[in-house]
Amino acid sequence: MTENKLLAEVNGKEIYLSDVYELMQGMQDRERFNNDEGINVLADELINQELLLEDAKAKKYDEDKEFAEELEVVKNNMLKNYAMHKLFESIEITDEELKKYYEENKETLFSPVTYTASHILIEDLDQANKVYEEIKDGKDFQKAAEEYSIDPSAKNGGQLGSFPKGVMVKEFQEGLDSIEVGEISKPVKSQFGYHIIKLDDKKEIESSFEEIKDQVRSTYEMLKRQEVYVELVDKLAKKAEVKKFY
């Protein structure tokens, strides 16, 4: 462990090596300062900041109305975050709960099936059918996507990459499950328009509960946090006067 060396003092205020590393963590180009010369540069910056702070206090900037208002905003935001932290730390999750959640959701949230697919999204059914026939007659799928698709994936030939079962809308998922690898679907209607789907690959890797337990816990914990959060704000809203103008 690196010694937490005392680097400087400014009117009795001590600046340590750990203070430099803390400053470094918030910098995008921190790696270039991770050497003796860089540490000295950042130590100088901390000295400058301490001098600026003392000067601000001497000029009583902390008594300015504008500063007080900004400080109140920062304080309120920190308090909201702290309140959520206190709310979430009360959550307790047992292994039994976790296993039950996994069993109930393993076919969707924790599905062992992974798809690699492409699609062409078209607004009009007649045009979608026309494009589908063009592809069946030999038109390259990627070129058709680039030419006709209104989805952002068009610039990549309609490629959606790989994703687990259940993340796409229900109609898209049903379209995927209706075809084999290498096949394309007839136009499938969803809330976004009509999809022509090409299944590029499909893999199924069985994982036991123990193997993905951390993933299950993370997902379930997010759900529990949302539940306790909504429960609390609903309870608080009943005691408060809330007016909405939207």
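Does Lys-213 count as buried or exposed, and at what relative accessibility? Lys-213 counts as buried, because its relative accessibility is 19% and the cut-off for burial is under 20%. The model described here is predicted. This briefing covers the annotated domain, the largest pocket, the salt bridges, an aromatic pair, and several residues in loops and strands.

**Annotated domain**

- According to the UniProt annotation, which belongs to an unreviewed entry, residues 112-201 are covered by "domain: PpiC".
- Within the span of residues 112-201, helix accounts for 31% and strand for 31%.
- The C-alpha atoms at the two ends of this span lie 14 Å apart.

**Largest pocket**

- The volume of the largest pocket is about 240 Å³.
- Its lining consists of 16 residues, and those nearest the centre are Lys-106, Phe-110, Ser-111, Pro-112 and Ile-205.
- Sorted by class, the lining comprises eight nonpolar, five charged and three polar residues.
- In general, empty space left among atoms is revealed by rolling a probe the size of a water molecule over them.

**Salt bridges**

- Side chains of opposite charge can pair when their charged atoms come close.
- The structure contains 13 salt bridges.
- One of them joins Lys-213 to Asp-95, with the closest N and O atoms 3.3 Å apart.
- Because Lys-213 belongs to helix α8 and Asp-95 to helix α4, this pair ties together parts that are 118 residues apart in sequence.
- Whereas Lys-213 is buried at 19% relative accessibility, Asp-95 is partly exposed, with a relative accessible area of 40%.
- Asp-95 and Lys-213 also belong to a network of salt bridges that includes Arg-217.
- Another salt bridge is formed by Lys-170 and Glu-174, whose closest N and O atoms are 2.7 Å apart.
- Both Lys-170 and Glu-174 are in helix α7 (residues 170-177), where they are four residues apart, about one turn of the helix.
- Lys-170 counts as exposed at 58% relative accessibility, while Glu-174 counts as partly exposed at 45%.
- A further salt bridge brings together the side chains of Lys-59 and Asp-55, at 3.0 Å from N to O.
- Lys-59 is partly exposed, with a relative accessible area of 47%, and Asp-55 is likewise partly exposed, with a value of 33%.

**Aromatic pairs**

- The count of aromatic pairs in the structure is three.
- One pair is formed by Tyr-102 and Phe-209, whose ring centres are 5.3 Å apart; their planes stand at 50°, so the pair is tilted.
- This pair links distant parts of the chain, since Tyr-102 and Phe-209 are 107 residues apart.
- Tyr-102 is in helix α4 (residues 95-105), and Phe-209 is in the loop between β6 (193-204) and α8 (213-239).
- Tyr-102 and Phe-209 are both buried.

**Residues with positive phi**

- Asn-11 is not a glycine, although its phi is positive, at about 50°.
- Asn-11 occupies the loop between β1 (6-10) and β2 (13-16), and it counts as exposed at 66% relative accessibility.
- Lys-60, also a residue other than glycine, has a positive phi near 60°.
- Lys-60 is found in the loop between α2 (36-58) and α3 (65-88), and it is partly exposed, with a relative accessible area of 48%.

**Distances along the chain and in space**

- Val-10 is part of strand β1 and counts as buried at 5% relative accessibility.
- Val-10 and Gln-127 are 117 residues apart along the chain, and their C-alpha atoms are separated by 73 Å.
- Lys-155 is placed in the loop between α6 (141-148) and β4 (159-164), and at 65% relative accessibility it counts as exposed.
- Between Lys-155 and Gln-142, the separation is 13 residues in sequence and 9.1 Å in space, taken from C-alpha to C-alpha.

Methods
Residues are numbered from 1 along each chain as its sequence is written. This is a predicted model: local features need pLDDT of at least 70, side-chain atom pairs count only at pLDDT 80 or more; totals for chains, interfaces and linings use all residues. Side-chain values use heavy atoms; hydrogens and water are left out. On a 1 Å grid over the protein atoms alone, a cavity is a set of points where a 1.4 Å probe fits but cannot get out, and a pocket is an open set with protein on both sides within 12 Å along at least five of seven lines; lining residues have an atom within 4 Å of a point. Grid points are joined across faces, edges and corners, and a volume is the space filled by probe spheres set on the points. Ala, Val, Leu, Ile, Met, Phe, Trp, Tyr, Cys and Pro count as nonpolar, Asp, Glu, Lys and Arg as charged, and the others, Gly among them, as polar. UniProt positions are given in the numbering used here, feature names are shortened, and annotations may be inferred rather than shown by experiment. Rings of Phe, Tyr and Trp (its six-membered ring) pair if their centres lie within 6.5 Å; planes under 30 degrees apart count as stacked, over 60 as edge-to-face and the rest as tilted. Buried means under 20% relative accessible area, exposed over 50%, partly exposed in between (1.4 Å probe, protein chains only). A salt bridge is a side-chain nitrogen of Lys or Arg within 4 Å of a carboxyl oxygen of Asp or Glu.
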